[in-house]
Amino acid sequence: MTFVTSPALDETGYVVLDRDDREIDPAEWQELEYIGWRSSGITRFAPLTSYAGEIECNGFWNHTPPRTDKDGVWIEAQTGIAPTLVARAREAGANIGRCRVIELQPNTYADAIYNLHQDDNNRLNDDGTGWVVRGSLNLTDDPGSLMILREDRFDPATEVRIPLPAGSRIVVDTQRFWHAVWHRGTAPRYSLITSWTSGPELDAYIAAGHGTPHAPHIALDPQMIDDAQVEMHRRIEERRRAFEAAGITMEPPVSLYG
């Protein structure tokens, strides 16, 4: 199948845009209603859109009738609290599917790579239509925290680490990358995440933000990376055994740890 994609993402699968230094009242994300939803660590989400305008985070394909991650319905109870966040999501001009604020508690590098995951944005996407990608706007100032992207879940050599100061903007094909955030703060991190459909509107938004397909290189201690890899494999194996004890076969099907 072929889809409409953004040429700016062709080289690396992501772009980093100019920082958005326009102020947003923290009340816009602090006063939203949050619900528990599993992501890259201890997280909650405050949805601004959903399948039918209810406060829930389920994939649109899990509803009746199922659809791809497009045409999200704005949730009036939430959008009235966060008009600036709504404006930031809409200013790309692209079709919006799921749009929500994520709250992430502080974690470790080992936590982040254990929680690496790929999104399923394009399930049911029709041939010839726009490929869904994710835009991220960091709302809190977390310059020491890093968005971790890996093309190979188990290979740190494929890892990209993108700093997350306030106003940092990233557009990434999260169905291509295994991704998570290593949040090194002492308070929760908040970020606006929007599913945008690729097309000329998104291309123009990326160009206006001087999107670059190369993040600055952030080096980590090699021993810390090795230790985290061992811990990731240990946790995956522990989870696999727990599920198998319950009669559920998990991937990967063979031991990854010692």
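Which helix holds both Glu 231 and Arg 235, and how many residues apart are they? Both belong to helix α6, residues 222-245, and they sit four residues apart, about one turn of the helix. The close-ups below start from this pair, and the model they show is a predicted one.

**View 1. Glu 231 and Arg 235 join in a salt bridge within helix α6.** The two side chains meet with an N to O distance of 2.7 Å. Arg 235 is buried, since its relative accessible area is 19% and the cut-off for buried is under 20%. Glu 231, at 21% relative accessibility, counts as partly exposed. The pair also belongs to a network of salt bridges that links Asp 111, Glu 231, Arg 234, Arg 235 and Glu 238.

**View 2. Helix α6 also holds a salt bridge between Arg 240 and Glu 244.** Here the N to O distance is 2.8 Å. Arg 240 and Glu 244 are four residues apart, so about one helical turn separates them. How accessible is Arg 240, and is it buried or exposed? Its relative accessibility is 10%, so Arg 240 counts as buried. Glu 244 has 36% and counts as partly exposed.

**View 3. A salt bridge between Arg 88 and Asp 20 links distant parts of the chain.** The closest N and O atoms of this pair are 3.3 Å apart. Arg 88 lies in helix α3 (residues 83-90), while Asp 20 lies in the loop between β1 (14-17) and α1 (27-30), and 68 residues separate the two along the chain. Both Arg 88 and Asp 20 are buried. For the whole model, the count comes to 18 salt bridges.

**View 4. Asp 20 appears again, this time in the lining of the second largest pocket.** The pocket has a volume of about 200 Å³. It is lined by 15 residues, and those closest to its centre are Asp 20, Arg 22, Leu 139, Ala 166 and Gly 167. Seven of the lining residues are charged, five are nonpolar and three are polar.

**View 5. Three strands form an open sheet in the order β9-β8-β11.** The pairing is antiparallel, and neighbouring strands are turned by 20° against each other on average, direction ignored. Why do β9 (159-164) and β11 each have one side without a neighbour in the sheet? They stand at the edges and have a single partner strand each, so one side is left without a neighbour.

**View 6. Strand β8 (residues 142-150) meets β11 through five bridges.** Leu 146 stands opposite Trp 182 in β11, and Met 147 stands opposite Val 181. Strand β11 (residues 178-182) is mostly covered, with four of its five residues buried.

Technical notes. Residues numbered from 1 in each chain as written. Predicted model: local features only at pLDDT ≥ 70, side-chain atom pairs only at ≥ 80, totals over all residues. Heavy atoms only, no water. 1 Å grid on protein atoms, 1.4 Å probe; cavity = no way out; pocket = protein on both sides within 12 Å on 5 of 7 lines; lining within 4 Å. Points joined across faces, edges and corners; volume = space filled by probe spheres on them. Nonpolar A, V, L, I, M, F, W, Y, C, P; charged D, E, K, R; others polar. Buried < 20%, exposed > 50% of the residue type's maximum accessible area, 1.4 Å probe, protein only. Pairing = 2+ DSSP bridges. Axes fitted to C-alpha atoms, helices over the stretch in contact; angles between N-to-C directions. Salt bridge = Lys/Arg side-chain N within 4 Å of Asp/Glu carboxyl O.
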